[in-house]
Amino acid sequence: MAPERESRKLMGDGWLCAESVLLAVTRARGLESPLIPRMATAFCSGLSRSCGTCGAVSGGVLAISLLAGRDTPERELLDLAYAPTQEFLEGFLAAYGSTNCFDITGCDFRTPEGQTRYREANLKETCLECVSLATRLALQALDNSGNGRAGE
């Protein structure tokens, strides 16, 4: 299954935004771990319902960092993860004008009203679109940087 479709399916199966993106991207690169998706859970719903960063964005950044991040404290290795992350963020901003969950959905998930609005306005479709885009952009940014192959 194509990674973008897989991320949508994962979210449809009950995983949340950051978890779905992280799972789809890492699976596309052949990386499996019992820590995935656990490491993404608190990033979902706009950073644990705090109206913060979109979980799809957080999942994409986590995936890029996991696949292209450094294993030693050498500063010159930072760009291996920073460059694709910046490309990823630029692509997401171009599509949505923000990387913030509240800006994209208009929902404050801390409140019953925000959660009801999400359901009644069928905003899950917006989130599915964000998840799909984030998956595509993260993989594209990793490809463009020449980084992010599992086991490298």
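Where is the place of Pro37? Pro37 sits in the loop between α2 and α3, and a cis peptide bond joins it to Ile36. Keep in mind that this is a predicted model. Beyond that loop, the things to look at are a pocket with a volume of about 340 Å³, a nonpolar core of 39 residues, and a set of cysteines with 0 disulfides among them.

**The loop between α2 and α3**

- The peptide bond between Ile36 and Pro37 is cis, with omega at about 20 degrees.
- Arg38 is in the loop between α2 and α3, just like Pro37.
- With 64% relative accessibility, Arg38 counts as exposed.
- Arg38 and Glu19 are 19 residues apart along the chain, yet their C-alpha atoms are separated by 7.5 Å.

**Two positive phi angles outside glycine**

- Cys51, in the loop between α3 and α4, has a phi near 65 degrees, which is positive even though the residue isn't glycine.
- Cys51 counts as buried, at 18% relative accessibility.
- Asn122, in the loop between α7 and α8, also has a positive phi, near 50 degrees, and it isn't glycine either.
- Asn122 counts as exposed, at 52% relative accessibility.

**The largest pocket**

- The volume of the largest pocket comes out at about 340 Å³.
- Its lining is made up of 21 residues, and those nearest the centre are Met11, Leu16, Ser45, Phe109 and Tyr118.
- Two or more lining residues come from each of α3 (44-49), α4 (55-68), α6 (101-105), α7 (112-120) and α8 (124-145).
- The largest share of that lining belongs to α8, which gives 4 residues.
- Sorted by class, the lining has 12 nonpolar, 6 polar and 3 charged residues.

**Aromatic pairs**

- The structure has 2 aromatic pairs.
- One of them is Phe109 with Tyr118: the ring centres are 5.3 Å apart and the planes are at 70 degrees, so this pair is edge-to-face.
- Both partners are also among the residues nearest the centre of the largest pocket.
- Phe109 is buried, with a relative accessible area of 11%, and Tyr118 counts as buried too, at 18% relative accessibility.

**The largest nonpolar core**

- The largest nonpolar core has 39 residues, and the ones with the most contacts inside it are Met11, Val25, Cys54, Ala56, Phe88, Phe92 and Tyr118.
- The elements giving two or more residues to this core are α1 (3-12), α2 (17-28), α4, α5 (79-96), α6 and α8.
- α8 makes the largest contribution to this core, with 11 residues; α8 also has the largest share of the pocket lining.
- Met11 and Tyr118 turn up twice: they are among the residues with the most contacts in the core, and they are among those nearest the centre of the largest pocket.

**Cysteines without a partner**

- There are 0 disulfides in the structure.
- For Cys107, the nearest cysteine sulfur is that of Cys101, 7.5 Å away, and Cys107 is in no disulfide.
- Cys107 counts as buried, at 1% relative accessibility.
- For Cys127, the nearest cysteine sulfur is that of Cys130, 5.9 Å away; a disulfide needs the two sulfur atoms within 2.5 Å, so Cys127 is in no disulfide.
- Cys127 is buried as well, with a relative accessible area of 14%.

Methods:
Residues numbered from 1 in each chain as written. Predicted model: local features only at pLDDT ≥ 70, side-chain atom pairs only at ≥ 80, totals over all residues. Heavy atoms only, no water. Buried < 20%, exposed > 50% of the residue type's maximum accessible area, 1.4 Å probe, protein only. 1 Å grid on protein atoms, 1.4 Å probe; cavity = no way out; pocket = protein on both sides within 12 Å on 5 of 7 lines; lining within 4 Å. Points joined across faces, edges and corners; volume = space filled by probe spheres on them. Nonpolar A, V, L, I, M, F, W, Y, C, P; charged D, E, K, R; others polar. Phe/Tyr/Trp six-rings, centres within 6.5 Å; stacked < 30°, edge-to-face > 60°. Core = buried A, V, L, I, M, F, W, Y, C linked by side-chain atoms within 4.5 Å.
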